[in-house]
Amino acid sequence: MRVIVNALGPTDVLLPAVPSVRLEEGRHMGHVHHEYHIDAPPRAVWALGRDPDRMPEWNTTTVSVKDVSGPLDRQGARYTTVSKIVGRPLEVQWQVEQVDPDRLIETKGSSSRGGSAHLVVRYEPDGSGTKL
């Protein structure tokens, strides 16, 4: 099953509905590795990923995004995702830590329930598309 997301105008971005997931063992904190191939160039995928209004289209747990302090492709930008995890609401506050436009974004998140996350997304050309 694949989800079609309109990235920029007529460009369709295809995202797998269920990504490949690899759990890495032997660490103090759980790590999850997702890998996607998207049938669109890195610039289009980057634009979609940085648009907070469109985040619920490609992030299956995100219901909405609020409290956006600035462009999400700028170091120091902050935003809050409102998610539903196993039917329960969860708000996570994120901060953009590092940016290399069209290539990499690194964010750190925390929730009021004590959880934390460190997210690194790499945008790599892959044929006519992009590997995330």
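**Exercise 1. Work out what share of the contacts in the protein chain with a separation of 6 or more comes from residues 24 or more positions apart.**

Solution. Start with the cut-off: a contact means heavy atoms within 4.5 Å. Among contacts in the protein chain with a separation of 6 or more, residues 24 or more positions apart account for 30%.

Before going on, a word on the model. It is predicted, so local features need pLDDT of at least 70 and side-chain atom pairs count only at pLDDT 80 or more, while totals for chains, interfaces and linings use all residues. Residues are numbered from 1 along each chain as its sequence is written, and side-chain values use heavy atoms, with hydrogens and water left out.

**Exercise 2. Describe the secondary structure and the surface of the protein chain.**

Solution. Step one: take helices (H or I, at least four residues) and strands (E, at least two) as DSSP runs, numbered from the N terminus. The protein chain then has two helices and twelve strands. Step two: read along the sequence, which gives β-β-β-β-β-α-α-β-β-β-β-β-β-β.

Step three: turn to the surface, using the Shrake-Rupley method with a 1.4 Å probe, where for residues only the protein chains shown count as cover. The accessible surface comes to about 8500 Å², and 51% of that belongs to carbon and sulfur atoms. Step four: call a residue buried under 20% relative accessible area, exposed over 50%, and partly exposed in between (1.4 Å probe, protein chains only). Of the 132 residues, 30% count as buried.

**Exercise 3. Find the strand order of the open sheet that contains E5, and its edges.**

Solution. Two strands pair if DSSP finds at least two bridges between them. The open sheet has three strands in the order E5-E12-E11, with antiparallel pairing. Strand E5 (37-38) and strand E11 (124-126) each have a single partner strand, so they stand at the edges and one side of each is left without a neighbour in the sheet. Now look at one pairing: E5 meets strand E12 (residues 129-131) through two bridges, in the antiparallel sense. Here Ile 38 stands opposite Thr 130 in E12.

**Exercise 4. Characterise the pairing of E9 with E10 and the turn between them.**

Solution. Strand E9 (residues 104-111) and strand E10 (residues 116-122) run antiparallel and are joined by seven bridges. For one bridge, start at Gly 109, whose partner in E10 is Ala 117. Next, follow the chain through the turn: E9 and E10 form a hairpin with four residues between them, and Gly 114 in the turn has a positive phi of about 95°.

**Exercise 5. Count the salt bridges, then examine the pairs of Arg 43, Glu 91 and Arg 103.**

Solution. The rule asks for a side-chain nitrogen of Lys or Arg within 4 Å of a carboxyl oxygen of Asp or Glu. It yields six salt bridges.

- Arg 43 pairs with Asp 102, with the closest N and O atoms 3.4 Å apart. Arg 43 is in helix H1 (residues 42-49) and Asp 102 in the loop between strand E8 (88-100) and E9, so the pair links distant parts of the chain, 59 residues apart. Arg 43 is exposed at 60% relative accessibility, whereas Asp 102 is buried at 19%.
- Glu 91 pairs with Lys 66 at 2.9 Å between the closest N and O atoms. Glu 91 lies in strand E8 and Lys 66 in strand E6 (residues 62-66), so the pair ties together parts that are 25 residues apart in sequence. Glu 91 is partly exposed at 34%, and Lys 66 is partly exposed at 33%.
- Arg 103 pairs with Asp 100, the closest N and O atoms being 3.7 Å apart. Arg 103 is exposed at 54%, while Asp 100 is partly exposed at 31%.
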